[in-house]
Every structure is written in C-alpha cells, then in structure tokens.
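Please read this short report with the sequence and the structure side by side. The headings go from the whole chain to single residues.

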Amino acid sequence: MLFSAGHTASAAGPFFPRQTVYNFGGGLSPAVYYGNRWGYGGGYYGGGYYGGNWGDTRSALIRAQGQAAESRAKAMVNYQEANSKYIENQKKLAETYVARQKAQRESMHEQAAIKEMQAQQRQAAMEKQAEKNRKMRESGLSPYLNASASQDKETLSSSQLNPATGEISWPESLMGDEYKASREKMQELFSLKNSTGVTSSLSSEIESEAIVMKNILRGQIRNMLPNDYLSARGFIEGLANMGKTA
C-alpha cells in the first residue's frame with residue numbers, strides 16, 4: 001500500500017494490530033516504534049532490562065553489601081578479641097617476670113643472711129675454742145694430743161666419699177671460706193678419678209692439694225678442739241690415701 005504526505009491508514013498484521021501508521025515523507029510514523037514490542041511500550045523501558053532484571057540485580061547487590069558489612073563486623077570483633085587476649089597475655093608475662101625477679105632477690109637476701117649467720121657462728125665457736133685451749137695450756141695439759149701422729153692408714157667411709165660418683169661430703173671443720181679453693185680442686189680431682197681411674201699424676205695432684213689443706217688447718221690449730229683438729233686432719237689424710245687406690 002502506498003502512502004502520501006498526510007495520508008493515514010490503519011495497519012493490521014501480526015506485529016502491529018490496529019495501529020495507525022503515518023507516512024512522513026518516506027519514513028514510518030513514531031507510532032510504529034512506540035507501539036511495537038521493541039520500543040518503549042514493550043522493550044527496555046516497558047518490561048525488559050529496566051523493568052524486570054534490574055530489580056533482581058539490585059536486590060543481589062544489596063544482599064552482597066549486607067553480607068560484606070556483616071563479614072567486616074565479625075572480623076572486627078575477632079580482631080578485638082585477639083588483641084585483648086594478646087594484651088592480657090603480655091600483662092601476665094610481665095607480672096610473672098616481676099614476681100620471679102622478686103623471688104630471686106628475696107632468695108639471694110635469705111642466702112646472704114644464712115651465710116652471714118653461719119660465719120658468725122663459726123667465728124663465735126672459734127673464739128670459744130681458743131679460750132678453752134688457753135685454759136688447757138694454763139693448766140699444763142696439751143690440747144693437741146697426738147696431733148703429729150702418722151695417719152698413713154686413714155681412709156674414708158662411703159658416706160664421706162661416694163665410691164659411685166666421687167662426691168665428697170666435707171666435715172664442718174673444713175667448710176670455711178679459706179678451704180673453698182681446695183675443696184673445689186679436690187672435688188674436681190676425685191670426679192676425674194671416678195671417670196678415668198687412678199693414675200700416678202692424678203694421685204700426685206691429690207696428695208699436693210691435701211698438703212695445702214693441712215697447712216691451712218695447721219694455722220687454725222689454736223682455735224680448734226683437739227678432737228676437731230684431729231678429725232679434720234684425718235679427713236684430709238683419708239682423701240690423700242683414697243687418691244692412691246682404685
């Protein structure tokens with residue numbers, strides 16, 4: 001069908017039923033586009049992308065944003081809990097360190113007090129013994145009975161010298177600071193003897209250290225009871241003799 005300018009006709013067909021079509025100088029009227037399913041009536045703005053799927057997409061975006069916000073909130077809570085636990089652990093470590101340092105200081109002070117008390121007791125005992133020895137000498141008695149007698153056969157019991165470990169249990173009379181270096185040296189030699197066995201050089205070193213200890217003991221003879229002096233000397237002799245045997 002041909003159309004002239006200004007002529008109108010009613011178009012019918014499967015796509016444009018009962019729609020009026022205008023001819024605008026070779027083109028179709030906008031009614032064709034506004035009325036078909038590809039235009040504004042049934043296309044993008046009518047029931048297509050903006051009319052249907054956009055609503056679903058927007059809902060999905062909103063849900064995703066909500067889930068992201070929830071995840072951030074949970075992560076923040078977890079971070080705060082972990083940070084709180086870390087701070088609490090650091091506080092406990094600091095408290096434990098302070099308590100340990102305090103205990104160590106108290107122990108050191110206690111040990112120092114014990115050593116001082118023991119030193120005072122030894123000094124008092126020595127002064128007391130010196131007074132007894134003086135009185136014995138004034139009475140004509142010798143406080144050093146058999147002090148120079150030979151003790152070549154003197155030995156030590158297992159409680160004095162442990163045969164399994166070589167550990168020495170020193171008598172009180174030889175526990176003074178003046179014997180400290182000799183005690184450590186003797187213990188080192190007997191520990192070595194226990195692990196390697198008797199050797200001539202080892203026996204010689206033990207004998208030499210025993211002489212050092214006897215010289216120290218001899219310098220304290222006036223401040224000791226005769227029996228204490230003889231017992232201490234016998235212990236030193238016993239060490240020298242035990243150093244010669246397996």
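## Contacts along the chain

Among contacts between residues at least 6 apart in sequence, 53% join residues that are at least 24 apart. The model shown here is predicted.

## Elements and surface

The chain contains five helices and two strands. Read from the N terminus, the order of these elements is β-β-α-α-α-α-α.

The chain has 246 residues, and 22% of them count as buried. About 17600 Å² of the chain is exposed, and carbon and sulfur atoms supply 55% of this area.

## Helix 4

Helix 4 covers residues 200–218, which makes 19 residues. How far apart should its ends be, at 1.5 Å a residue? The expected span is 27 Å, and the end C-alpha atoms are 27 Å apart, so the two values agree.

The buried residues of helix 4 are Leu202, Ser203, Ile206, Glu209, Ala210, Met213, Lys214 and Leu217. They lie on the same side of helix 4, because they cover an arc of only 150 degrees around the axis. These buried residues pack against two other helices, helix 3 (180–196) and helix 5 (226–242).

## The largest nonpolar core

The largest nonpolar core has 22 residues. Which of them touch the most other members? They are Ile168, Trp170, Met186 and Leu239. Helix 3, helix 4 and helix 5 are the elements that give two or more residues to this core. Helix 5 provides the largest share, with six residues.

Trp170 can be followed further through its contacts. Apart from neighbours within four places in sequence, Trp170 is in contact with Met175, Arg183, Met186, Met213, Phe235 and Leu239. Two of these partners, Met186 and Leu239, were named above with Trp170 among the core residues that touch the most other members. Another partner of Trp170 is Met213, which is one of the buried residues of helix 4.

## Asn241

Asn241 belongs to helix 5. Is Asn241 buried or exposed? Its relative accessibility is 12%, and a residue counts as buried under 20%, so Asn241 is buried.

Asn241 can also be placed relative to a residue elsewhere in the sequence. Glu207 and Asn241 are 34 residues apart along the chain, and their C-alpha atoms are separated by 8.1 Å. Glu207 falls within the range 200–218 of helix 4, while Asn241 is found in helix 5. Helix 5 is one of the two helices against which the buried residues of helix 4 pack.

How values were computed:
Residues numbered from 1 in each chain as written. Predicted model: local features only at pLDDT ≥ 70, side-chain atom pairs only at ≥ 80, totals over all residues. Heavy atoms only, no water. Helix = DSSP H or I, 4+ residues; strand = E, 2+ residues; numbered from the N terminus. Expected span 1.5 Å × (residues − 1). Buried < 20%, exposed > 50% of the residue type's maximum accessible area, 1.4 Å probe, protein only. Arc of directions from axis to C-beta. Contact = heavy atoms within 4.5 Å. Areas by Shrake-Rupley, 256 points an atom, 1.4 Å probe, with all protein chains shown as cover. Core = buried A, V, L, I, M, F, W, Y, C linked by side-chain atoms within 4.5 Å.
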